[in-house]
Structure formats: C-alpha cells, structure tokens
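User: I'd like to learn how to read a structure feature by feature. Could you walk me through one, giving the idea and then the case at hand?

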Amino acid sequence: MDQEIVDFYARSSAVPVPGVPKFDNRRVVDGQRLIIFLKPLPPSSEGRSFELRSKVIEVYDKGKAGSVVETETVLSEKGGDDYTKAIGSAFFVGQGNWGGPKAGPSTPNFPLPEGKKPDVVHVTQTTPESAHLYR
C-alpha cells in the first residue's frame, strides 16, 4: 500500500469480497474505530520498512437499512513484529437484503478508567444542519 493520492472509489472496490455484492462506495458512512497498540512504536522509521495488511473480517446484511463491513488493518515491520491493529466498520446505506448474515458479535462498551481524567478534551460545535448530511 502506498501513501500517494489515489482514486478512493477505484481502490475501495478493487478487490471483491466473495459472496458479497459490490457496494456503492458513494453511499457509505463511517462506523466505529478501535486501535490496539501491540507494542510501542519506534521513535524513528529510519532504516526500517513497514507495511499495512488489511482484510475484511465480516460483512453483515442489515436488511433494507444497509450493510456493515468490518475490516482489520495491521501495521507491522516487514518480516518483523506487529505494532498496531485497527478494527473499523463502515455502513453502506440502503445496500442490504442480499441474504448475508444478519448480525455479528456485540461490540463491548469499555468503562472509563476509574480515577483518571482525560489527557485532553477538544470540543467542536457542529451546526444543526449537520445531521442532515447523513440522512
């Protein structure tokens, strides 16, 4: 995988998922993200070569509402250790009813750490019209 500017739509549909219809990437909203740090990242990448390995974990058919695609991306040093694992989901609006599995495992809700305040808080006020962008 490269870090060049690419055609998102072409890259997103480049590899089909067996048994799953081709979804329209122009009708998708971001779902959730989880990042797991498996070991500390090195302070410099000098003399190192890293790679990203991505795969689709599961695709869920949510009926008329749409479909959920869960993916996993691992950052590793070529021929070496894994540093991070990112799990994410995307919701393809109105692209369900294709006969796939209806539900996946429930997502755990993690409690806030006891006795610890956030390191930083950043608040961004959106406009009342923002909700209409996702409808």
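User: Let's begin with the rings. How many aromatic pairs does the count come to?

Analyst: Happy to help. Keep in mind that this is a predicted model. The count comes to three aromatic pairs.

User: How should I read such a pair, and what does the pair of Phe23 and Phe92 look like?

Analyst: A pair of aromatic rings is described by the distance of the centres and the angle of the planes. For Phe23 and Phe92 the centres are 4.9 Å apart and the planes meet at 25°, so this pair is stacked. Phe23 sits in the loop between α1 (8-12) and β1, while Phe92 belongs to strand β4, so the pair ties together parts 69 residues apart in sequence. Phe23 is buried, and Phe92 is buried as well.

User: And which residues form one aromatic cluster?

Analyst: Phe23, Phe92 and Trp98 make up one cluster.

User: How do Phe50 and Tyr83 pair?

Analyst: Apply the two descriptors again. Phe50 and Tyr83 are edge-to-face, with 5.7 Å from centre to centre and 65° between the planes. This pair also links distant parts of the chain, with Phe50 in strand β2 and Tyr83 in strand β4, 33 residues apart.

User: Is Phe50 buried, exposed or partly exposed, and where does Tyr83 fall?

Analyst: Here you read the relative accessible area, with buried meaning under 20%. Phe50 has 27%, so Phe50 is partly exposed. Tyr83 has 3% relative accessibility and therefore counts as buried.

User: Let's turn to the fold. What secondary structure does the protein have, and in which order do the elements run?

Analyst: The protein comes to one helix and four strands. Starting at the N terminus, the elements run α-β-β-β-β.

User: In which order do the strands lie in the sheet?

Analyst: A useful habit is to keep order in the chain and order in the sheet apart. This open sheet of four strands is arranged β1-β4-β3-β2, with antiparallel pairing. Its edge strands, each pairing on one side only, are β1 (28-37) and β2 (50-61). Neighbouring strands of the sheet are turned by 20° against each other on average, ignoring direction.

User: How many bridges join β1 to β4?

Analyst: Eight bridges join these antiparallel strands. For one position to look at, find Ile35, which stands opposite Ala86 in β4.

User: Where is Thr84 placed, and what does Thr84 touch?

Analyst: Thr84 is found in strand β4 (residues 82-93). With a relative accessibility of 8%, Thr84 counts as buried. Setting aside residues up to four places away in sequence, Thr84 touches several residues, among them Ile35, Phe37, Leu41 and Val74.

User: What about Ser76: which strand holds Ser76, and is Ser76 buried or exposed?

Analyst: Strand β3 (residues 66-77) holds Ser76. Ser76 has a relative accessible area of 0%, so Ser76 is buried. The side chain of Ser76 also makes a polar contact with the side chain of Arg53, at 2.5 Å. Beyond neighbours within four places in sequence, the contacts of Ser76 include Phe50, Glu51, Arg53, Asp82 and Tyr83.

User: Which network of salt bridges includes Arg53?

Analyst: Arg53 is linked with Glu51 and Asp82 in a network of salt bridges.

User: How many salt bridges does the count come to?

Analyst: The count comes to 10 salt bridges. For each one, read the distance between N and O, then the setting of the partners. Arg26 and Asp24 form one of them, with their closest N and O atoms 3.0 Å apart. Arg26 is exposed because its relative accessible area is 63%, whereas Asp24, at 25%, counts as partly exposed. Arg33 and Asp30 meet in another, at 2.6 Å from N to O, and Arg33 and Asp30 are exposed.

User: Where in the chain do Glu77 and Arg48 lie?

Analyst: Their side chains meet in a salt bridge, 3.0 Å from N to O. Glu77 lies in strand β3 and Arg48 in the loop between β1 and β2, 29 residues apart, and the pair links distant parts of the chain. Arg48 has a relative accessible area of 36%, so Arg48 is partly exposed.

User: To finish, what share of the residues is buried?

Analyst: Of the 135 residues in the protein, 19% are buried. As for contacts between residues at least 6 apart in sequence, 63% join residues at least 24 apart.

Technical notes
Residues numbered from 1 in each chain as written. Predicted model: local features only at pLDDT ≥ 70, side-chain atom pairs only at ≥ 80, totals over all residues. Heavy atoms only, no water. Helix = DSSP H or I, 4+ residues; strand = E, 2+ residues; numbered from the N terminus. Buried < 20%, exposed > 50% of the residue type's maximum accessible area, 1.4 Å probe, protein only. Contact = heavy atoms within 4.5 Å. Pairing = 2+ DSSP bridges. Axes fitted to C-alpha atoms, helices over the stretch in contact; angles between N-to-C directions. Polar contact = N/O pair within 3.5 Å; in protein donor to acceptor, adjacent residues only side chain to side chain. Phe/Tyr/Trp six-rings, centres within 6.5 Å; stacked < 30°, edge-to-face > 60°. Salt bridge = Lys/Arg side-chain N within 4 Å of Asp/Glu carboxyl O.
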